[in-house]
Amino acid sequence: LFRSRNLVASFTLRMTPEYAVNAFDTPIGCRFPTPEHREFLVNYVTQVLTPAERDAPYTRMTELVSKVIDDTYARFADEGARATPKQYSRGVEPKVDALLEANGYDFGFNGTGAVWFQIADYLFQLGAIHEATLAHRHAMPILPDCAQLSSQVVDLYSEVRVESGESLTVAFQSLLQSAMRDYPIMAAPTRFDIGDIRIGAINLAEVAKGGSASGVKQLKVMYLLGTYLLTKGFWLDQETIRKMRAPAAYIDHHLARARENREEIKWLAFDEFHRTRIPSEKVNNVHSAVEMLIREGRKFGIGVIISSQDAEDLPESMRKLMTGVFIVDSSNPRNAKLLQDYYGFSDTCLESFSRG
């Protein structure tokens, strides 16, 4: 009973340092994201860099974000001639420091020069998975790292102009600075983790209130962040692991996790989904991310449940992918007729709605 209680938990996300979540985290040991994770990151960062008053990102912003994400991971990896992996520093993770000291870790000349990837690999080989995970988090890129644009990106996109007249690269950096100020929990290494729970609920009420244009933008960003938190361990199967760019020592660890994933059906439920719908908008990155979950999640054993209050809250592309629809209440005659148009039930059923 005690163990079961530890596997069920609910959380309320807050915009404070102890709730920092880095969406760039990869599975331990992996230097680069899986294809599914990368697709999520492009959606996520593009949403972060969409001005609050706009219905869609600037032209070619998604393309720029995709390139920057690839460049940023490559820059902080520990492979390649131009790679500059992040340096280990004492005092950042006391548990890691203590374990290294207890095992007499050799830091080399003057005790400097070790990088977080080396530390994580060493601790993993000791069997200290938790401490290795903490070290791995500090090896990962974080959102502010994306501000350093490569010369190739500047050459490709500096001539692209946005509505204000500034270049797309300048707009990218300006919006990134604003995001780091407005969303501090997204601009630091991960501190908040849901662990190995089996049933979890994340309450976004304190960080996703909606209302104003900036509030609506924050709501969408936090929906994406909450989705990442709940699903980050789902995207592993044997095929994915074989393509991972990680030292061989990690492969068996991830294969074991993949076997667990294959044997389990995972359900992700989005309540109050109407809050993600913005009338008249052209691009909705929350809907794109959820649609990707529906399309790609099946082969990973992921099921998606969406609940909302209006027939129009779900886009047509998402409705076409549904395998089951449960209508509890039609709300009003107009909504009932829309539901009939969308899902094709009989006039007899439509009449039953009007009778309550």
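**Exercise 1.** How many bridges join β3 to strand β4, and in which direction do the two strands run?

*Solution.* Keep in mind that this is a predicted model. Start by locating the two strands: β3 covers residues 266-270, and β4 covers residues 302-306. Next, look at the pairing: the two strands run parallel and are joined by five bridges. To pick out one of these contacts, take Trp267 in β3, whose bridge partner in β4 is Gly303.

**Exercise 2.** Work out which face of β3 is covered and which is uncovered, then place Trp267.

*Solution.* Sort the residues of the strand by face. Lys266, Leu268 and Phe270 make up the covered face, while Trp267 and Ala269 lie on the uncovered one. Now check Trp267 itself: its relative accessible area is 58%. Exposed means over 50%, so Trp267 is exposed. Finally, see what surrounds this side chain: together with Ile265 and Ile305, Trp267 makes a nonpolar surface patch of about 370 Å².

**Exercise 3.** Decide whether Cys30 and Cys146 are bonded or unbonded to each other, and whether each is buried or exposed.

*Solution.* Begin with the distance test, which asks for two cysteine sulfur atoms within 2.5 Å. The model holds zero disulfides by this rule. Cys30 is in none, as the nearest cysteine sulfur, in Cys146, is 19 Å away. Seen from the other end, the closest cysteine sulfur to that of Cys146 is the one in Cys30, and 19 Å is too far for a bond. Then turn to accessibility, where buried means under 20%. Cys30 has 1% relative accessibility, so this residue is buried. Cys146 also comes out at 1%, and therefore counts as buried.

Note on methods
Residues are numbered from 1 along each chain as its sequence is written. This is a predicted model: local features need pLDDT of at least 70, side-chain atom pairs count only at pLDDT 80 or more; totals for chains, interfaces and linings use all residues. Side-chain values use heavy atoms; hydrogens and water are left out. Patches are made of residues with over 30% relative accessible area and no salt bridge: like charges are joined within 9 Å, nonpolar side chains (Val, Leu, Ile, Met, Phe, Trp, Tyr) within 5 Å. Accessible areas come from the Shrake-Rupley method with a 1.4 Å probe; for residues, only the protein chains shown count as cover. A salt bridge is a side-chain nitrogen of Lys or Arg within 4 Å of a carboxyl oxygen of Asp or Glu. Helices (H or I, at least four residues) and strands (E, at least two) are DSSP runs, numbered from the N terminus. Buried means under 20% relative accessible area, exposed over 50%, partly exposed in between (1.4 Å probe, protein chains only). Two strands pair if DSSP finds at least two bridges between them.
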